[in-house]
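Let's take a friendly walk through this structure together. Have the sequence and the 3D view open as you read.

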Amino acid sequence: MASELTQRIQQNPQYQRLIKTRSALGWWLTVLVCLAYYGFILVVAFDKSLFATPIAEGWITTWGIPAGFGVILLTIVVTAIYVRKANRGFDRMVEEILEKEVQS
Amino acid sequence: MRATQQRVSRQAKAFTAIRSSAVALSAAVLPGLSWAAGTIGETQKQPTNWTAIGMFVLFVGMTLWITKWAASRTRSAADFYTAGGGITGFQNGLAIGGDYMSAASFLGISAMVMASGFDGLIYAIGFQVGWPIITFLIAERLRNLGRFTFADVLAHRFNQTPVRVFAAAGTLVVVLFYLIAQMVGAGQLIKLLFGLDYIYAVIIVGVLMMVYVIFGGMTATTWVQIVKACMLLGGASFMAFMVMWHYGFNPEKLFAAAIDVKKSTSTMGPGGFVTNPISGISLGIALMFGTAGLPHILMRFFTVPNAKEARKSVMWATTWIGYFYLLTFIIGFGAIVFVSANPDFLDADGALRGGANMAAVHLANAVGGNAFLGFMSAVAFATILAVVAGLTLSGASAVSHDLYASAIKKGKATSQDELRISKITTICLAVIAIFLGIVFEKQNVAFMVGLAFAIAASANFPALFLSIIWKGCTTRGAVTGGFVGLISALVMTVLSPAVWEATLGYPKGSAPFPYASPAIFSMPLAFLSIWIISLLDRSAQAQKEQEAFDDQKVRSETGLGAFKAASH
């Protein structure tokens, strides 16, 4: 059986909201990274010429370069988004939940 | 630059031609053998390089001083495993980077970019994409539930002995394969850069890492990683800066010069690295989820005081590692222009002196002269030392904490006993690493890093992840499914071209398992096994474990009851 404290926290609406928003954010960002990365790999596997095409007439830089750099930068940006969100919102929610339930 | 090149030229004449210079690289760009870039191929002994040795002695002196300081702070098992939990998120982020940015990935990926341009970028990206996954799904929960090793998380509601044995097996197998690849790479690299005999090179690496880990534990290992990460990032930044500066910070001009040298635009698009979509995706899965199952990386999350700092660690690690891979891409293109077209760096057959993986090292010489070459050589050596120290510490913890203290002594061992066992294990691991390093000198070990990642993705990650998020998961499911993943990844790798053809020498095309990595099959197989066996598990133990999930869930989400940092 779950402890009394666990049950109390699980019934706290703020806890339920925290779990829901945090895991939704985590999963959506995970899906985003997977789409970007496996999409990138599939383009490489099935249509190499797409990434070998210059980004503009007379240019040497191909679409592959911004795409590749883009995937790397995306990983950094989405991680930053999550961490910012967690530092500003989730941590405070956790504090408030624990303050309310652990002390009462 | 002129004077530098003359000096280079004189020095380069002393270089001897390399028998199998392009072995590692040609394998790297062939589909199906994509792992080779992760290791350093066979090299020829070079004349003793005193600048490099001087720089290296300086580094070793500094790290030994750190170790001495760390030793005074390593009194308990907790200090040994987690540096007392007092590392900040920023420091830990750098240390994770230090664990992850190996010499093989620096030299291997820049060499791959030099040889085939864009393909090197595809490979590098694979190593980057696992980090957000760790941030979103693993890092905070791991810190909230565990204490010293990732097995602590499994043991939170599961039956101690079987999950500890499984986690120790998963850790030791991953650590051992990773370690052999690093030791062989270290021996080859040092023979090449410093002109030392292979056997001495391997012994020096083994002994130094043993000293760091035994005396300084996690504190020394962490600071060695941090120093190394700063040196590597600093050196690589300088090289990329010099290359870009030469072209007025206009990538178009750099690419134009590279195409001029290559006399073809093929470098600018995908080549032969990913031809088979299944191989490509499978490799991607192994890299992405393997990163989230590497024991020496997971262990680093216990060195910070709480989940918030764990989160910051991955943020910094992701940033530094991503920045590092962008640098290696520029360095690789710089090497196309400054190294591959410069006869000073080529032998009579037009191959790179010292072996295909020397692209970045020659570029260091070209942009910074002999002193900078010495510095980058020392950085490469330092990099290997830091990586093997992290691996050894993780292996030693699996034996002392998971096997000895938890599975055998059932948690009744004293901190001092546990510390003693971890030190003895460290000595054993160092001896084994030196021995295997020597045994595998002439072997093709290119598959080993890939195998380590595949096993981490197929055994450690599924068991860890399901135990955290799925209430229905039971001991029987996690342990059996985990072993299914471990064994299937191992067997499929042996049957794949990288081992069957490249290492065992069977004819080309005869490998029973045709893909570059087993992960696309072995990881889902592990998840499926854990799921089915857990569902079928109707034991009283299973019911108890499922009932314990709610407490565990609240703790993993809020940090309620999580282990606090030991105070100093």
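**A walk through two chains**

Chain A is built from four helices and has zero strands. Followed along the sequence, its pattern reads α-α-α-α. Before going further, please keep in mind that this is a predicted model.

How does the overall form of chain A compare with a compact globule? For 104 residues, such a globule would have a radius of gyration near 13 Å, but chain A comes out at 22 Å. The box around its C-alpha trace tells you about its proportions: along the principal axes, the trace spans about 70 × 25 × 15 Å. As for burial, 28% of the 104 residues in chain A are buried. If you take the contacts in chain A between residues at least 6 apart in sequence, 60% of them join residues at least 24 apart.

For a single residue to look at in chain A, try A:P66, which sits in helix α4 of that chain. Is A:P66 buried, partly exposed or exposed? A:P66 has 13 C-beta neighbours inside 10 Å, so it counts as partly exposed; a residue needs 20 or more to be called buried, while 12 or fewer would make it exposed. You can also pick A:T30, 36 residues away from A:P66 along the chain, and find their C-alpha atoms separated by 21 Å.

Now turn to chain B. Its secondary structure comes to 23 helices and zero strands. Why does its radius of gyration agree with that of a compact globule? With 568 residues, a compact globule would have a value near 24 Å, and chain B has 23 Å, so the two agree. Along the principal axes, the C-alpha atoms of chain B fill a box of roughly 75 × 50 × 45 Å. Of its 568 residues, 67% count as buried. Among contacts in chain B between residues at least 6 apart in sequence, 85% link residues at least 24 apart.

A good helix to pick out in chain B is α6, which covers residues 103–116. From its first C-alpha to its last, this helix of 14 residues reaches 19 Å, close to the 20 Å expected at 1.5 Å a residue. Is α6(B) mostly covered or mostly open? It is mostly covered, with 14 of its 14 residues buried. Just after α6(B) comes B:G117, which takes a positive phi of about 60 degrees.

Next, look at the nonpolar interior. The largest nonpolar core has 243 residues, and those with the most contacts inside it are B:V205, B:L363, B:L385 and B:V388. Helix α16 of chain B (residues 359–408) gives the most to this core, contributing 31 residues. What does B:V388 touch, leaving aside residues up to four places away in sequence? Its partners are B:L179, B:Q182, B:M183, B:V205, B:M209 and B:A433.

Finally, bring the two chains together. Their contact takes 43 residues from chain A and 44 residues from chain B. On the side of chain A that touches chain B, the elements giving two or more residues are α1 (4–11), α2 (13–46), α3 (48–52) and α4 (64–103) of chain A. The largest share of that side, 17 residues, comes from α4(A). By type, the residues on the side of chain A that touches chain B divide into 30 nonpolar, 11 polar and two charged.

Note on methods: Residues numbered from 1 in each chain as written. Chains lettered and ligands numbered in written order. Predicted model: local features only at pLDDT ≥ 70, side-chain atom pairs only at ≥ 80, totals over all residues. Core = buried A, V, L, I, M, F, W, Y, C linked by C-beta atoms within 7 Å. Contact = placed C-beta atoms within 7 Å. Nonpolar A, V, L, I, M, F, W, Y, C, P; charged D, E, K, R; others polar. Rg over C-alpha atoms; globule rule 2.2 N^0.38 Å. Expected span 1.5 Å × (residues − 1).
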